[in-house]
Amino acid sequence: MELITPPALRIRSSLYPRSAPPRLPPLNLLKPSLSVDSRLFRSPRSLRLFSFFACRRWSLGRGGGGFGMDGGRATADATSGRMVFEPILEEGVFRFDCSGNDRDVAFPSISFADPKARETPIMVHKVPEYIPMFERVYGQQMVKIQLPPGSSFYGTGEVSGQLERTGKRIFTWNTDAWGFGPGTTSLYQSHPWVLALLPDGKALGVLADTTRRCEVDLREDSTIKFMAADVYPVITFGPFETPTDVLMSLSHAIGTVFMPPKWSLGYHQCRWSYDSAAKVLEIARTFREKCIPCDVIWMDIDYMDGFRCFTFDKEHFPDPKSMVNDLHAIGFRAIWMLDPGIKHEKGYFVYDSGSQSDIWIQRADGKPFVGKVWPGPCVFPDFTQEKARFWWANLVRNFMANGVDGIWNDMNEPAVFKTVTKTMPESNIHRGDIELGGHQNHTHYHNVYGMLMARSTYEGMKMASGTKRPFVLTRAGFIGSQRYAATWTGDNLSNWEHLHMSIPMVLQLGLSGQPLSGPDIGGFAGNATPKLFGRWMAVGALFPFCRGHSESGTIDHEPWSFGEECEEVCRLALMRRYRLIPHIYTLFYMAHTKGTTVAAPTFFADPQDSRLRAVENSFLLGPLLICASTVPEQCSHELSHVLPKGIWLRFDFGDSHPDLPTFYLQGGSIIPVGPPLQHVGEAKPTDEISLIIALDKDGKAEGVLFEDDGDGYEYTQGNYLLTYYVAELRSSMLKVKVSKTEGSWKRPKRALHAQILLGGGAMIDARGVDGEELHITMPPELEVSNLVAASENQYQTLLERARCIPDVRRFSGQKGIELSNTPIELKSGDWVLKVVPWIGGRIISMAHLPSGTQWLHSRVEVDGYEEYSGTEYRSAGCSEEYTVVERNLEQSGEEESLCLEGDIGGGLIIRRQISIPEDDPKVVRIDSRIIAQNVGAGSGGFSRLVCLRVHPMFTLLHPTEVLVVFNSMDGSKHEIGHESGEQSFEGNLLPNGEWMLVDKCAGLSLVNRFDLSQVNKCMVHWGTGTANLELWSVERPVSKDSPLRICHEYEVKQNL
C-alpha cells in the first residue's frame, strides 16, 4: 500500500527512509498536498505502523517473549539506528523503542502511575522534533539524543554538585552514600530523567524507563546519553513552551506528589537519637518555652527494642502512646523510624509471621537472604510481592495504634553492612508480581526497593485511618516515589559546601517530579558552628520539607544550642516559614493537582534568560524569590544577586537581619500569609489573612489561596475553598477583590489585611473583610518616593543593629571534631582536590574533571587520603593538625601546589607536597617525607623507628566491577577483585612501579605510579564500597640527612 502523510503528521523528509525494506513495497511519504482519511489512524495498530515507518524501522507482527529470570532480551533487530516511536498519554509525549520487538518485550513500567498508559498509543497531531539514536553494546542499550547547541540540562533526581547538570555524568544505583560530596555519582535515589532547557527557553523532558543501573551522561555538548542493561523504552515530553509545562506533562505519567497533611509543613526536629521519652518531652517543651515554632519530633532507631522494627524499648519508651498524648497536648506530632531489615530471630513476632508467609528476599539457591544491619543478622521483605506489601501494611496499621503520626523509612536502598557493595548480592531473587516484572534478580529491582517499601508503608497508614493523610519519609526512592513519600537528601556533612549544595539538591528533586524534599538542616555528620547552623536554618526554613537532624556523637544541634544570636536567627527564620504556610500549602495543592513545582530554580521566572540558568543561591516559591547567602564571608544583602527581568520588589516581615535571606515578590503577584504561630494547629479559620501584593507595569496582580481542613480527604469531594484574588490599579485607586472561587468549603468570617509593596521594602497597609472588595487610595508619586527612602534607611538601620551570629570555630568543652571549616581547594588541569590541613592534612576529595568521576571522597576527620608514620593503622600523622607552609596558585602563573607540615612527635615532621604539574596537568603528584627536624643529640641524631605508610581510601562507583591490576617485578600479572580480601606484595611481587584501580563498568582506570626504590611493600584492602592501595616505605630511623620519602602520582586513563 501507499501511505500518505496527513497534514497533522507531516515531518521533515530526513526522518523518512530513502528506500523500504526488501519485503515491503516502496513508500511515498512526502505528498503534503494530499491527505488521508483520518479513519486510517483511529486504530492503535495503524498509528503504530505509521510511527515505525516515520522512524526508518519496520515491525511485522507482534514479538513474543516473556520475562526471563536473567532479564535477557536478545532480539534479531538492528544493533544501531534511529528508534521507533509511538505517541502515548497526551499530545507531545512519545515512547521510543529500538524496535517493535523491543517494545513488545520491554519490562512493565514501575515509574508510571498507570503502567498501561505507557503501552497504549493515542491519536495525535504532532510528531517528535528529536528522534533518539540507539546502539547495542555488549548487552547494554545506549540511547543518544542530540539537542541544539546551547541547551542546558537539569533533573537527574537526587544528585549532588551544581544545579546545571551539563557536563556531568551520574549512575542510577541507590546507594547508602554517607557524607557524599559534589562529585558523588550515585546517591540514595534513582531518577533516570533529564530536563533540557533549549536555547529559546522551551523545554524537553526525557525519561529512560528502566529500573536497572543506568548511566546518564551529559558530558557531550547538548547531548543526552543513557546506557543500561536490557531493552528499555525512552519517553520524551515536549518540547513545550516552558519547563513547568514539561513537569506537568511528566506528572500525567508518573503521578503527582501525595497531598501532605498541613502539620507536616511545619518544622521537624530530629536527632540520632533522643534516647528516651523523657528526653523527647524535654526537647518539645523547650521549643514552647523559647517560642521557637515546631510541629514534629522524630524518633530514630534507638526507640526500638534491640533495633527490632515494630517494637519499643521498654525501659526508655515504656508507654509510647502516653508520650505521644503528651506531645499532642502541646501541639506536637511524633514520627517513628522503620527499616526494612528484620532481625533473623525465632520468637520475634515480625520474623515469625514473615517466615510463615514466605515473604523474604531469597538467595540464588532459594533460601532467605541474611545480611547484617543494625539488629545484626536480618532478613528483608520482598516488597515486589503483593502478599509481602500487604503483610507489611498490616504491621504498619497495627503500629499506628501506638499514637504514631508519621513513619520514616530509612536504610531502604537496601543498605547492608560489611559488604563491598553496601547492599545485597545482585544474584538475590525477588519473586515479583507479574505486573512489576515477575521473578527477577536483585539487579532488576534494586532501584525500586525503597519506593515499594514506601508504598507499602503509605498503604498501611491509610488502612489505619481513612480520615488522616499518611506522612511517610523515605531515604531511597525511584522516579514516581512522590506518590507515596517525601524524601530528604541523605546523610550530609556539617560544612558550608553541603549548605550550598542543599539548594540545588532540593531544586533538582523538584525538577524530577519530587517536590517534597529538604536536607538535614545544620548537617547530619559533624558539628556545625553557630554561623553555619544559623545560615542553614535561615534558608532551610524555606525548603518544602524542613527538618533539622544530626548524627550520634555530635554536639547538640537544636536551634538554641549555638548561643543567643543563632537562636534568634532560627526563631525569626521559622516564624517566616509559619507566616508563609498558607502560601506553601497552596503551592502543594497545585503540585498535587497539577504537577507543578513547589520550590523552583530562579530561571523558571524567565527560561529564555541565559543569565539565570546556573544561579544556585536563590530559588522561587511560586512568585516569591528567595536570595540566600551560603558562604560565611558575606551576608545575603551583601551579595550581588542575579534577579530576573521585570519588577521584583523586596519585602520582609519587619525582621530584617544580615543572616536571613532576602525576599523579592514578582510584579503581578499576590501571595497569602498568615499570623506567626508556634505550630500549625494554632491556626484558626477566623485568623486574619494577609495578602502581599506586587503590581506589574500595568498596575495589576493576581494570586491564589487554597484552604481545607488540613488533613483527610474531604477536599477530594469538593470540601475546600480555592480563592483567586486580583488587584487592579485605576488612576490612583487600587481595587482588591475575589475574582472567582472553587469548592464548597464556606469562607470563614475574617479580616483581610492587604499590604501593597512600593519598592525598597516600603509598603502601604489597608484592611477590610475577606471576600468583599477593598478599595485603597494609592499615595502620590512624591509620597511614594519618601516612603521608599524611609524604608531603605530603616532597613539599613535594622541590619546594622542586628546581633550577627559570631563566626566561632570551637567552643570550650565541645566534643567531636569541627567539620565546618572550609577545605583548601587545588584546581588545575584535569583535577580538583580538597585538602583539610587541620586534621591530618588529609585529602578528602579527588575529582577528575574530564570523566566527571570522584575517585576519593571522605568525611573530614577520617579516611580519604591519609599518611602514617608507622606500620600500625592510624599511627601518628593521620590526625595531627598540619600547617600550610607554601601555597602556589595557577592563576598567579605558578604550578598549582600545596605544601603541608605536621608535627608527629619526637622531633619528626611529615612534609607533604601536593601538586598538579604545569607540564603534565593530567597528573596529581604527591611527594611526602618523614623528616628529622629536631631529634635530640642523645639519640645520635636518629629518630625512633618509623615507616611512611601512604593510605588512600578510594571510593568505588561499581564495587563488584573493580579490579586492582598490575605486573609484578618478576613479570607475573595480577588481577585482584574485592573477594580477595587484604593482600600484600613485597620483593619480586611488588608492582613494577605502577598499579591500577580498574573500573570495568565506567571504562576508566586510576593509575598510581611510584618510585620502586622508595617503596618496600604494597597492600590492597577492600572495604564497604572502598579500596585501599597502600604504599609502604622501609621501616627505619631517620636523621636530618636521611629522611624517608615516597613520591608518587595518580592519573585517570580510559580502559583499552
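Modeller: Let's start with a convention: angles under 35 degrees count as roughly parallel, and over 145 as roughly antiparallel. Please keep in mind that we are looking at a predicted model.

Colleague: Thanks! Are α12 and α13 roughly parallel or roughly antiparallel to each other?

Modeller: Helix α12 covers residues 530–540, and helix α13 covers residues 564–594. Their axes lie 8 Å apart and make an angle of about 5 degrees. That angle falls under the cut-off of 35 degrees, so the two helices are roughly parallel.

Colleague: How many residues of the contact of α12 with α13 are nonpolar, polar and charged?

Modeller: On the α12 side, the contact is made by P530, F533, G534, M537, A538 and G540. They meet C566, V569, C570, A573, L574 and R577 of α13. Gly counts as polar and Arg as charged, and the division comes out as nine nonpolar, two polar and one charged.

Colleague: Which helix gives the largest share of the largest nonpolar core?

Modeller: That core holds 176 residues, and F237, Y303, M323, W336, F471 and F619 touch the most other members. For F237, the residues touched include L89, W193, L207 and V246, leaving aside residues up to four places away in sequence. The largest share of the core is 16 residues, and these come from α13.

Colleague: And how many residues are in the second, separate core?

Modeller: Its members include Y882, I904, V946 and L1006. This second core is separate from the one just described, and its residue count is 52.

Colleague: Back to α13: is H583 buried or exposed?

Modeller: H583 sits in helix α13, where the residues it touches include L621, P623 and I671, not counting those up to four places away in sequence. Its relative accessibility is 5%. Buried means under 20%, so H583 counts as buried.

Colleague: What percentage of residues 595–671 is helix?

Modeller: An unreviewed UniProt entry lists this span as "domain: Glycosyl hydrolase family 31 C-terminal". Its end C-alpha atoms lie 20 Å apart. The span is 30% strand, while its helix content is 0%.

Colleague: How far apart are the C-alpha atoms of F478 and S550?

Modeller: F478 belongs to strand β24, and with 1% relative accessibility it counts as buried. Among the residues F478 touches are S111, H191, T210 and M451, again without those up to four places away in sequence. S550 is 72 residues from F478 along the chain, and their C-alpha atoms are separated by 25 Å.

Definitions and conventions:
Residues are numbered from 1 along each chain as its sequence is written. This is a predicted model: local features need pLDDT of at least 70, side-chain atom pairs count only at pLDDT 80 or more; totals for chains, interfaces and linings use all residues. Side-chain values use heavy atoms; hydrogens and water are left out. Axes are lines fitted to C-alpha atoms, for helices over the stretch in contact, and angles run from 0 to 180 degrees between N-to-C directions. Helices (H or I, at least four residues) and strands (E, at least two) are DSSP runs, numbered from the N terminus. Angles under 35 degrees count as roughly parallel, over 145 as roughly antiparallel, 65 to 115 as roughly perpendicular and the rest as oblique. Contact means heavy atoms within 4.5 Å. A nonpolar core is a set of buried Ala, Val, Leu, Ile, Met, Phe, Trp, Tyr and Cys residues joined through side-chain atoms within 4.5 Å. Buried means under 20% relative accessible area, exposed over 50%, partly exposed in between (1.4 Å probe, protein chains only). UniProt positions are given in the numbering used here, feature names are shortened, and annotations may be inferred rather than shown by experiment.
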